Amino acid sequence: MARALTRREVMGRVAGAAIAAAGLSGGAARAAAATPPAERARFMARAMEMQRLAVARGDQPFGAVVVRDGQIVGEGASAVLTTPDPTAHGEVQAIRDAARRLGTPRLTACELYTTFRPCPMCEAAAYWAGIERVFHGEAITDAGAPRAGRC
């Protein structure tokens, strides 16, 4: 008797099928996510603008943007205190915005730029969305691919 697939295996197969249907190989999708270092400062500057917007609204100082193919496709400012929604971190807001704009929950070939190292919830959201790389802080530290603990 064959064993049942885990949720992660099912999502991986769904994502792989979507990439294949789009005519990309997994490697091509990963290569498309690599933003040249000279361009990263522009995206982090926009994340910092989102941070300032959050503070101006009376919220926590966190902001983020999602980038695909050199374009910002999602923006988020922390709204934890002003909504109130404990999940409205800047990173989650940016991921939600990108998914809405792109019309898909799979943010393959995207990068997340955030003003601070993502918390476990935000890193898990980036992981499940399929974000390729996370960059954080003023130094634009490359944190690599997002990781998630066992679900």
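**View 1. Asp-97, a buried acid with two arginine partners.** Asp-97 counts as buried, because its relative accessibility is just 9% (buried is under 20% relative accessible area, exposed is over 50%, and partly exposed is in between, with a 1.4 Å probe and protein chains only). This is a predicted model, where local features need pLDDT of at least 70 and side-chain atom pairs count only at pLDDT 80 or more, while totals for chains, interfaces and linings use all residues. Residues are numbered from 1 along each chain as its sequence is written, and side-chain values use heavy atoms, leaving out hydrogens and water. Asp-97 makes a salt bridge with Arg-100 at 2.8 Å, N to O (that's a Lys or Arg side-chain nitrogen within 4 Å of an Asp or Glu carboxyl oxygen). Arg-100 is exposed, at 61%. Asp-97 also pairs with Arg-101 at 3.1 Å, and Arg-101 is partly exposed at 47%. Shared partners join these three with Arg-46, Glu-49 and Glu-75 in one network.

**View 2. Arg-46 meets Glu-75.** The closest N and O atoms of this salt bridge are 2.5 Å apart. Arg-46 sits in helix 3 and Glu-75 in strand 2, 29 residues apart (helices, H or I with at least four residues, and strands, E with at least two, are DSSP runs numbered from the N terminus).

**View 3. The largest nonpolar core.** This core has 14 residues, including Val-66 and Ile-95 (a nonpolar core is a set of buried Ala, Val, Leu, Ile, Met, Phe, Trp, Tyr and Cys residues joined through side-chain atoms within 4.5 Å). Helix 4 gives the largest share, three residues.
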